[in-house]
Amino acid sequence: MTALTELTLSQALQQMREGALTSVALTQAYLDRIDQLDDTLHAYLTITRESALAAAKAADQARANGDDRPLLGVPLALKDIFSTRDVETTCGSKILQGYKPVFSATIVERLEAAGMVLLGKLNMDEFAMGSSTENSAYSITRNPWDAGRVPGGSSGGSAAAVSAGMAAGAFGTDTGGSIRQPGAMCGIAALKPSYGRVSRYGVVAFGSSLDCPGPMARTVTDVARLLQVVAGYDPLDSTSMTLDVPDYVAGLTGDIRGLRVGIPKEYFIEGIQPEVEQAVRMAITQFERLGAELIEISLPHTEYSLPTYYLIAPAEASANLARYDGIRFGPRQELGEMWPTYKATRGQGFGAEVKRRIMLGTYALSAGYYDAYYGKAQAVRTLIKRDFDKAFQDVDVIVTPTAPTTAFRIGENTADPLQMYLADIFTLPASLAGICGLNVPCGFDSEGLPIGLQILGAAFDEATVLRAGHAYEQATDWHSRRPML
Amino acid sequence: MELSHDQVRDIAELAKLNLTEDEVALYAEQLSHILQYFERLQALDTSEIEPTASVLPLRNVFRLDEAGVPLPPEAVIANATDTEDNQFRVSAVLGDA
């Protein structure tokens, strides 16, 4: 018999529906797996053991009474950026240590309404700022494929937990690649929805014009199932869109004949790990074998994405993080006067990368430099978005590598912030354009580390991206390989 | 673009961040390096390009001005380190007159 934690989310749900599996047994199996592995991997910041088992028991009782909600009894875990009522939410930062929200994020409410069992909260780069999860104030999450390497970031805890079988699925957030890039480095399916598709209410803010919560799981079908529950308009988020939400799972037909697949030449550049390029090129031929039409395209402003993103996101972050003063929540360094108290609280509460980005953003927004930096970046953002608008007139999806390399070693990029920023070079453009993107595993390098394929789609066309990713997944077996743990 | 230590201290003051002297030196070097890399944006002529603040086709979003159910005061102050009578306690905001 297959270990329960090896089942995909969809398989586990099916077995529960058939009465062959209880949520209590499944939840206990995940908690045991966490006990066995997490002292090494450090994917979790908080494990909600008792409430998970209570929720599982309630789910089993509900099912016995005929309840069949879409995620009834499914054990999931959440990046520690999502506000969870009465469950500590730190965002990976000391400045939120001990903070227990008095409300839950909309996506948490929706997942709970759908029957989720919450296993706990997952590690992340502090305030989602990072590409390796090394910027967490609490612990360094290890890559399940090689514990000497990073899981990617910033949703590294989410990616590692799913990859190692410590949750049936998870949610992360993606501001510049923080779902897709760790998805690639841990070898799982991971979707950044379009900006405005999933509510940001109750998600600790980083870059408000960029932040996208999204699902991470072992298969594209699982990802589609999770997206279904959380997608759609939320009156509490004025930037969530009132568009209809299609049936994502029903759209996974396996048929991509005639799909127009764009290959942008700007994503196959010097500096990319040769094995990554090779695996992605193999994946592209697989799409052709499945009947897709390959079209060479150009996204000419790609090279400007990194400076554009690293001006806009820190600028927005410097404004969003102004709220952390130790008065209403979080530890306070009380010095008897207002400004010294604020400055000490913030100076001690934020970590090095967060301070670096607050400084960068404050500078970019400051009088005399606004036009040269922030204003300039917003104009270039328009050019980057236009590149995609033009491309999607001719193609249905765009296929690229998700990251230029496989998982790097812990400590390898921490001394040089700019080198670390380059890990996001292939995920940043889609974030700036607000479109959707999916990572699916497409191979392994000679060290046995997973390689990720990025499938980008037009804004709000998650259905096509998921259909393409699912068809590719059906034709390959990369997704079914799991790390030896 | 080279940032001096004094400029870094000025930015930290704007951002209300206490920095140690080591941090000032580190950020002066790192931010200078990053800003130098960002200079490549100046190669693009954007004089005719509208800035993008949001990718969504939204302007103002309105809702009815209806009262919702507020959180109870105890919940609002539950996470604060210093409170009194359901209020946040802070040090004096106004200096001596």
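In this predicted model, the second largest pocket is lined by 17 residues, and those nearest its centre are Gly271(A), Pro404(A), Thr405(A), Gln419(A) and Leu422(A). The volume of this second largest pocket comes to about 310 Å³. Sorted by class, its lining holds 10 nonpolar, 5 polar and 2 charged residues.

The largest pocket has a volume of about 630 Å³. Its lining is made up of 24 residues, and Ser83(A), Tyr99(A), Phe103(A), Arg323(A) and Phe329(A) are the closest to the centre. Nonpolar residues number 16 in the lining of the largest pocket, alongside 3 polar and 5 charged ones.

Enclosed space comes next. Rolling a probe the size of a water molecule over the atoms shows where empty space is left. Across the whole structure, the search returns 3 cavities of 30 Å³ or more. The largest cavity holds about 60 Å³ of space. Its lining includes the residues Ala128(A), Met129(A), Gly130(A) and Ser131(A), together with Gly176(A), Ser178(A) and Phe206(A). Tyr309(A), Tyr310(A), Arg357(A) and Asp424(A) also line the largest cavity. By class, this lining divides into 5 nonpolar, 4 polar and 2 charged residues.

The second largest cavity contains about 40 Å³ of space. Around it stand Ala184(A), Met185(A), Val276(A), Ala403(A), Thr405(A), Thr406(A), Pro450(A), Ile451(A) and Gly452(A). Two or more residues of this lining come from each of α6 (180-186) and β11 (450-457) of chain A, and β11(A) gives the most, with 3 residues. No charged residues occur in the lining of the second largest cavity, which has 6 nonpolar and 3 polar residues. Thr405(A) is thus part of the lining of the second largest cavity, and Thr405(A) is also among the residues nearest the centre of the second largest pocket.

The strand β11(A) belongs to an open sheet of 11 strands with mixed pairing. The strand order in chain A is β1-β3-β2-β4-β6-β5-β10-β11-β9-β7-β8. The edges are formed by β1 (44-47) and β8 (293-297) of chain A; each has a single partner strand, so one side of each is left without a neighbour in the sheet. On average, neighbouring strands of this sheet are turned by 30° against each other, direction ignored.

Within this sheet, strand β2 (residues 75-79) of chain A and strand β3 (residues 117-122) of chain A run parallel and are joined by 5 bridges. Opposite Pro75(A) stands Val117(A) in β3(A). Helix α2 (residues 23-41) of chain A packs on the sheet, where it touches β1, β2 and β3 of chain A. The direction of α2(A) makes about 20° with that of β3(A).

Turning to helix packing, the axes of helix α8 (residues 274-289) of chain A and helix α15 (residues 462-475) of chain A come within 10 Å and cross at roughly 100°. Because of this crossing angle, α8(A) is roughly perpendicular to α15(A). On the α8(A) side, the contact is made by Ala283(A), Gln286(A) and Phe287(A), while α15(A) contributes Ala468(A), Tyr472(A) and Ala475(A). This contact of α8(A) with α15(A) has 5 nonpolar residues and 1 polar residue, with no charged residues. Helix α8(A), residues 274-289, also takes in the position of Val276(A), one of the residues lining the second largest cavity.

Conventions
Residues numbered from 1 in each chain as written. Chains lettered and ligands numbered in written order. Predicted model: local features only at pLDDT ≥ 70, side-chain atom pairs only at ≥ 80, totals over all residues. Heavy atoms only, no water. Axes fitted to C-alpha atoms, helices over the stretch in contact; angles between N-to-C directions. Helix = DSSP H or I, 4+ residues; strand = E, 2+ residues; numbered from the N terminus. Parallel < 35°, antiparallel > 145°, perpendicular 65-115°, else oblique. Contact = heavy atoms within 4.5 Å. Nonpolar A, V, L, I, M, F, W, Y, C, P; charged D, E, K, R; others polar. 1 Å grid on protein atoms, 1.4 Å probe; cavity = no way out; pocket = protein on both sides within 12 Å on 5 of 7 lines; lining within 4 Å. Points joined across faces, edges and corners; volume = space filled by probe spheres on them. Pairing = 2+ DSSP bridges.
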